[in-house]
Every structure is written in C-alpha cells, then in structure tokens.
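Please open the model in your viewer and set the colouring so that separate parts of the chain can be told apart. The tour goes from the whole chain to one interface and then to the residues that form it.

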Amino acid sequence: VAAAQPSTDWHLKENAREHHTSKFSSNELIVRRGQAFTITFKGTEKPKQNFIFVAETGPKPSKAAKTLATFEVSSTASTDSWGAVLQSSSSNSVSISISSPHNAAIGRYKLSVQSTAGGSSSTANLGTFVLLFNPWASGDDVFLPSKAECDEYVLEEFGIIFAGNKNHISSFGWNFGQFQGDILDICLSIMDRSLYYRQDPATDVSHRNDPKYLGRVLSAMVNANDDQGVVLGNWSGTYEGGKNPTSWTGSGEILQSWKKSGFKPVRYGQCWVFAAVLTTVLRCLGIPTRTITNFSSAHDADGNLRVDEFYDASGNHLEKGADSIWNFHVWNESWFKRSDLGPSYSGWQILDATPQEESGGIYQCGPASRNAIKEGEVDLEYDCPFVFAEVNADCMYWNYDAATGKKTLIFSKSTEIGASISTKAVGRDDRVDVTRDYKYEEGSRTERDIFKKARKKLGLEDKFDPTAPTPKEIEQKPDIAGKFKVAGSLEVGKDLNLLLVLANLQSDAKTVHVNMTAWSTLYTRRPIREIWKDSISVTLSPKEEKQFPIKIKYNDYQQQLTTDKTIQVTAICHVEDGIQVLVQRNIALDNPAIDVQVLGEAKVNKEVDVEVVFTNPIATEVMNCVLQVEGSDLLTGILELRIPPLKANEKSSTKFKLIPSEAGTKHLLVNFSCDKFADIKTFKTVNVIN
C-alpha cells in the first residue's frame, strides 16, 4: 500500500555545515560518507511503528553490489554499514540520524522508508541526496589528516598553475569553481557517460566507492578521445572552430559548454586545461586533488626511458620520431590509500587526463603512486613507466642528415628532464617545489641506481637497442662549449637580445662554423614558424671565450609568434676536425603587465567598483581588445567587455561592478586580449567582508 507522501525536512543548512558541503548552492542534500546526517519527516502516523529504510543508487541497485542497503532503526550507528538512529519523535513527525559506511559508493541516492503497523506495510519515497567522499573522516580511503590541506585541496575554488620553462617559471590563476551552479550534476553525468558505465552500468556504479577506480575513469573522461569526453585536445598552433587553450580562465565555462552542447567535446584544450578540469571534478566529488607542473617533461612514446631530439645541419629542430620534450607539462595528484599496493604506496597518486599514450586501450593515465615513481617501482599499477619517464628519461640529441638518413649523436644528458616540479602552496599564492618527492637528487648515486633499477624492471638493459648510441659515441668529448645568454628583458613587444657565448676548451686554436636558427614553438617545443637564421665562422684562440650578440627585432618575430609566446634558438657548431656541438635555448616571453584595482571595500551583496588599466607598450595601434573577468562568489559566469582600439603607448582604463555573494578571501581572474597580445592574465585577491 502506498502511504501518503511524507514531507521531508533534510536540515540542509545544519547537515551541510557538519559535512563541509555548505559551499554547494543546491536544494538537494549533499553529504559525505561515513558520517551521520539528520532528517525529519512528517505525515507518518505512529512513530512507534517499525521503520525500514532503503538507500539505493545506480540503475540496478543490489545488496550484493553494495548499491542497495536496507536498515532498521537501532540504538547505535556503525561506520561499517548503513544505519538509522531515532533522534526524536512527536505525534506526527520523526527525526532520524542516518549514517553511511566509510566505503559506500558515491553518487545520487534515493531514500525511502517502509513502515509496518497493524499487519499492513507501506513504502514512502523520502527523496534523493548526493553522497560524496569524506577526506575529514579517518576511515575513508581519501582521509587527509591536515585540516588546512582539506581546505586547500577540496574546498578551495581558486588555483595557480605554473608554466613557462625551467629557466623562467611563470604562473596564472584558474577558477576551479567546483561548488558553482550545477557543476556537481555535471560531474555526476561525466561518470554516467564513461565507457566503463556504458559497458556495464551496475558494475561501474558498484566501483564508485573506490577513489583509484574513479580517478582512472575520470582521467579518461576529461579528454574527448575514445568516449566523447569533456575537452578536445589541439596542439597544432591553429585553433579555428574553438577557443584557443590559452584563453580559458576557469573550468566552469568548459563544463557548462559540454553539458549545453548535448555532451559534445569542448574545443580546445592543452595539458593545463585537462588537469584543471580534472581538479574541479575530483575536488567536487571530495577527493583531495592538486595540479602539478613538471618542467622539461619527457613524452617517451616508445617506452625506452629515453627521448630523442633531431636537428639538421642548419640547426633546425626536426619533427622526427614520436618522442618529445615539453617545456612544461601539467598533471594531477590526488590523495588516497592504495589498498592494492600496500601502505607505503598510499598518499599522493598521479593522474593525467592529457591524451598522450593509450593505457589499457584508451587514453587514461594513473593512478601511479608517487612513492613508487621515486623508488623506481615501475612494475606497479598504473602507468608507472610513462610517468617515471616524464621526470627521469635520458635525453639524446642527434644530427640527422635527410639525404643519407644517417644520424649522429651530438650529445646526451641525464639531468635535463623533470626540473622544478611545482604546485601551489597550501593557503598561500606561492610556488612549492616538490621535485624531491619525485626523485632523489639529480646526478646523485641513489638517483642513478633507481634509474638502473627501473631500466632493469622494464627489461631494457638486457635488450640490444639498435637506436641507442654506442659507448664510443657517448664518451666523445667536444672541443668547444657554448651557451645562449639572455641580455635584457624577455617581453612580447620588445626586441629580443641574446649573446651566443663560445669557449674553446682545448689548448690549440679552433675554427668553428655556426648555423643559427630561431623558431616560434608551442610549449611542447613543436616548431611552428621560422623567425630568423644566420651563420658565422669564427676562430677561437686556445682557451678563448667569445661573445656574439644576437638581436631578433619585435617586427621580425611578431607575426610568427604563437600564443604560447615561446621561441627556440639553436646554434649548431661545426668544429673543423672535431665533433659537432649543439647550443640551444628555449625562451618564454612575458606579456606586458595589466593592473587591477578594487576601488573601495568589498562587502557581501553590495556593489563594488573594479578598475583594470592597460598601457599599450608598442609603437603601433592595438585592436580587437577584449577583457574577460571571472571569479567564484564575486560574479556569476563570465563578464566580457569590449575595449576600443588603443594607439601607440596609449593607456586604457575600464571599470565594472562586482556584487560579492559570500565573505572570505576570493580571487578575481582577468584575461585581456587584443590583436598583438594574446591572453594577458592576472588575478587579484579580494577580501570580502560581511
């Protein structure tokens, strides 16, 4: 018999406060597993009757799969199973404290109650609630003991992503926005659109209690490969039919677009976009997560822990072979236990949603235990060899002659890859270097031993590698040394001044023919357009060092520059009767500055003015100026303002209003673009008071 529908009071405010879910803006109850929540329902006659509660999730709830639980009211709650404890009752209402186990599957649940009185029973549907991971609960796989870290890695909606290159680290803000609008619903629908769910929905839902399973599934779903996931990658340098990856300032717009389009992949992303969106999704679901930037990151496509780069005799970097070294690469770390590997491999786990190589037939990567990477345990699940190579591969630089097909080793380096591995500090807008958590000191004996151990585990040291350099090639010593030095500022809009420094290491004179090139590149070091080339012949006296100034004018590089603002300068030095020497430098240019001021005090629900000032630093007019602004709890969605063209050296001031919706430390993200400068980014901390 169906009873009259009882009205349920979900105690949204109190439960949210207890469960650290107050930041969600939802009319639905959102709670964390392994912790009790209180509900009151009216319209049941005799509270003395026997209640049996039913909590169920997924398309085919079952007790065996732990996606269906039935439980009676008892006097005490347990953290091992679902339970209900009577709090209070009156003539027509009952307050019950309901608790879920620490290892319950997360997702949307339906809650109903069966009551029996006088031999007849009836079932009433109480409504739905969403259950999330609980990093505050010691029994949860994602338990994180530090409250400050829970605040940063679960509750913080603002992040800083590091970019540039290892000689010149830059950073930009990102609005994760995991608590805004319907982001939680979108995250739940991401899980329901994965290949795993499509193949076997009931089994997939039953695995949603496990952060390692969900981390892997979501690393596949954030990229569009295989499964029509959220973001479509594009590393071509041209981004027609979509947005340039450098133009995004937050995940919200991306996730909303994916949903609005009927779940068509959003165009376009590159590594930091995949990592930032995955951060949003995992923080939203309650898994502590952060973004990590690895500088000089190896993409070892053939799994030999070695990356090969090829240059021709003129010094052009050739796109040959599948290996590459990226100026930087961004991935994620999520915090959870590894019950499959044992306690020493618990803690931070690497997940990577950027589609680089297939794993298990689809583009997914991780979770790889960070401790396993540091110790060279590359035989442990999941994808440890690929991640180990990203931070440890050896580099080989080759000269390639297209006419003969012959390649000659110029030099090899084992200390190039995996530098200044960076993440945002907890509770501060600073960079923290976590390189030591990934590997022992570069060049130390332990680090080399671990590298050998990894090679051995991968079966590389017993196998003859026909593409590897011979010991004789590796031992060759060059007669000269060279480097590029930067002289002056590295700013878009200014001439680029460099010095090529060449030193003769020998005690007899050397004649050197130098071919130099400069190419605009993507941050993956993919060459896009030639900017400049030159050649010189020099004689160096014994032990002499000489400097050769190089000037690349702004007018010469302006049209060629990519929106990544990166240039690779190469000099290939042909020493008479000696071996070739390669000198290269990757240069990341900075955009001019943009200034943001909050005019007055920021108060909840009160208007406050913000002024953005930009001065055109170049001698020509800039056009198509657009200002884009976003910030969780400061404004809804994205504000886009068109700005009139600016003449040479002209200053523009743009004002707009914010109405903050919540007190606390908030971040305003600003992105300014025009025809000569792409995506000048900055952020401003706004302290909002009640």
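What area is buried between domain 2 and domain 4, and what percentage of it do carbon and sulfur atoms give? In this predicted model, the area buried between the two domains is about 1300 Å², and carbon and sulfur atoms account for 49% of it.

To see where this interface lies, colour the protein by its division into domain 1 (7–132), domain 2 (153–458), domain 3 (477–588) and domain 4 (594–688). Keep domain 2 and domain 4 in view, whose centres, taken over C-alpha atoms, are separated by 31 Å. Selecting the contact between them should bring up 17 residues from domain 2 and 13 residues from domain 4.

Next, show F158, N175 and T249 as sticks, since together they supply 39% of the area that domain 2 buries against domain 4, more than any other three residues.

Turn then to the polar side of the interface, where the count between domain 2 and domain 4 is 0 salt bridges, while 8 residue pairs, both members at pLDDT 80 or more, are in polar contact across it.

Now switch to a cartoon and select β10 (158–165) and β11 (168–175), each of which supplies at least two residues of the side of domain 2 that touches domain 4. Of the elements on that side, β11 gives the most, with 4 residues. Finally, colour the side of domain 2 that touches domain 4 by residue class, which gives 5 nonpolar, 8 polar and 4 charged residues.

How values were computed. Residues numbered from 1 in each chain as written. Predicted model: local features only at pLDDT ≥ 70, side-chain atom pairs only at ≥ 80, totals over all residues. Heavy atoms only, no water. Domains from an automatic or database assignment. Contact = heavy atoms within 4.5 Å. Buried area = accessible area lost by both parts, 1.4 Å probe. Salt bridge = Lys/Arg side-chain N within 4 Å of Asp/Glu carboxyl O. Polar contact = N/O pair within 3.5 Å; in protein donor to acceptor, adjacent residues only side chain to side chain. Nonpolar A, V, L, I, M, F, W, Y, C, P; charged D, E, K, R; others polar.
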